[in-house]
Amino acid sequence: MATPKQLEQMANKLRIHSLKMTTAAGSGHATSCMSCAEILSCLFFSELQKEDEFILSKGHAAPILWASYAEAGLISISSLDKLRQINSNLEGHPTASNPLIKIATGSLGQGLSAGIGMALAKKLLDSKGRVYVLIGDGETAEGSVWEAANSAAYYKLNNLCAIIDVNRLGQSQETMHGHHIEEYKRKFEAFGWNVLVSDGHDANSILDSLAKAKKNNKPTAIIAKTTKGKGVSFLENKEGWHGVALNPQALEKALR
Ligand SMILES: Cc1ncc(C[n+]2csc(CCOP(=O)(O)OP(=O)(O)O)c2C)c(N)n1
């Protein structure tokens with residue numbers, strides 16, 4: 001079992017992969033990957049079990065999903081350089097052209113509905129598996145997220161866990177609620193969910209929330225406070241970097 005410190009070190013490895021991959025591709029969403037690095041490292045290298053499912057609803061963060069698969073040994077590290085190439089199944093957004101992906105994401109607001117379908121199926125099949133869905137904070141402006149939230153509580157999907165990556169920023173400006181975590185808490189509670197608040201860059205805090213989620217009889221939303229571009233000072237919490245790949249000189253500086 002990886003320690004919280006090891007999970008945080010893994011998060012930095014995932015950040016480095018995401019930065020290098022997007023620079024090699026000449027496009028992609030590096031800063032969106034960096035905010036959710038600890039969340040992915042805790043899920044992939046501590047939490048997820050064989051029967052579980054993970055949906056990256058904020059599909060534009062695909063590079064860090066591919067990086068997690070590579071570090072988990074499911075695809076090769078060397079394949080990461082092929083991100084977004086025409087002959088690679090490591091697309092800019094996940095699709096089922098990659099055999100590890102069950103649901104295409106990237107059109108924001110879809111992942112939680114898909115997660116509900118999977119969570120219901122697991123109940124019908126008496127599976128012990130759980131379903132985890134990572135959602136962007138800007139993404140929660142999509143009405144479909146709340147339609148899904150409503151039915152998850154109705155079906156008492158205690159095997160469903162949504163994690164909201166509250167990095168304050170959307171595509172071009174601050175999101176509706178910025179870093180006001182309590183707004184997300186209030187909304188998910190109103191929809192009948194168990195809500196936990198986490199420091200999204202602290203592995204201990206994330207692991208603690210994931211453990212508590214498993215003991216609750218409602219669907220759980222973990223509201224994770226994060227920083228977009230986390231790990232590189234000139235990217236952290238800055239506007240103007242959404243969907244931007246670093247040029248080779250900026251990459252050098254970021255890696256240093
Ligand atoms: C339905 C839909 N509308 C618009 C977009 C374009 N788009 C891609 S990423 C993004 C911003 C997402 O912000 P957020 O959910 O906060 O994610 P972050 O990158 O900050 O983690 C937008 C609007 C999209 N992918 N899908």
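This report covers the ligand site and the strand pairing in a predicted model.

## The ligand shell

The ligand is surrounded by 17 residues. The closest are Ser32, Lys58, His60, Gly106 and Asp137. By class, the shell holds 10 polar residues, five charged ones and two nonpolar ones.

## Backbone contacts to the ligand

Backbone atoms of Gly106, Leu108 and Glu139 each make a polar contact with the ligand. At Gly106, a backbone N or O atom sits 2.7 Å from a ligand nitrogen. Gly106 is also among the closest residues of the shell. At Leu108, a polar backbone atom lies 3.0 Å from a nitrogen atom of the ligand. At Glu139, the partner is a ligand oxygen, 2.8 Å from a polar backbone atom.

How much of the ligand's accessible area does the protein cover? On its own, the ligand has 590 Å² of accessible area, and the protein covers 78% of that.

## Strand S3: buried on both faces

Strand S3 spans residues 160-166. Seven of its seven residues are buried. One side carries Leu160, Ala162, Ile164 and Val166. The other carries Cys161, Ile163 and Asp165. Both faces are covered, and the charged residue Asp165 is buried along with the rest.

## Neighbours of S3

S3 pairs with two strands, S2 and S5. Strand S2, residues 131-136, runs parallel to S3, and six bridges join the pair. Ile135 stands opposite Ile164 of S3, and Ile164 is one of the buried residues. Between S2 and S3 the chain passes through helix H6, residues 143-154. This β-α-β crossover is right-handed.

Strand S5, residues 220-225, also pairs with S3 in the parallel sense, again over six bridges. Here Ala162 of S3 faces Ala221 of S5. Ala162 lies on the S3 side that also holds Leu160, Ile164 and Val166.

## From S4 to S5

S5 has a further partner in strand S4, residues 194-199. The S4 and S5 pairing is parallel, with six bridges. Ser198 stands opposite Ala224 in S5.

Which helix joins S4 and S5 in a β-α-β unit? Helix H8, residues 203-214, does, and the unit is right-handed. The crossover from S2 through H6 to S3 is right-handed too.

## Strand order

Put together, the pairings link S2 to S3, S3 to S5, and S5 to S4. Each of these pairings is parallel.

Notes. Residues are numbered from 1 along each chain as its sequence is written. This is a predicted model: local features need pLDDT of at least 70, side-chain atom pairs count only at pLDDT 80 or more; totals for chains, interfaces and linings use all residues. Side-chain values use heavy atoms; hydrogens and water are left out. A residue is near a molecule or strand if one of its heavy atoms lies within 4 Å of it. A polar contact is a pair of N or O atoms within 3.5 Å; within protein, one must be able to donate a hydrogen and the other to accept it, and residues adjacent in sequence count only if both atoms are side-chain atoms. Accessible areas come from the Shrake-Rupley method with a 1.4 Å probe; for residues, only the protein chains shown count as cover. Buried means under 20% relative accessible area, exposed over 50%, partly exposed in between (1.4 Å probe, protein chains only). Helices (H or I, at least four residues) and strands (E, at least two) are DSSP runs, numbered from the N terminus. Two strands pair if DSSP finds at least two bridges between them. A crossover is right-handed if, with the strands pointing away from the viewer, the path from the first strand over the helix to the second runs clockwise.
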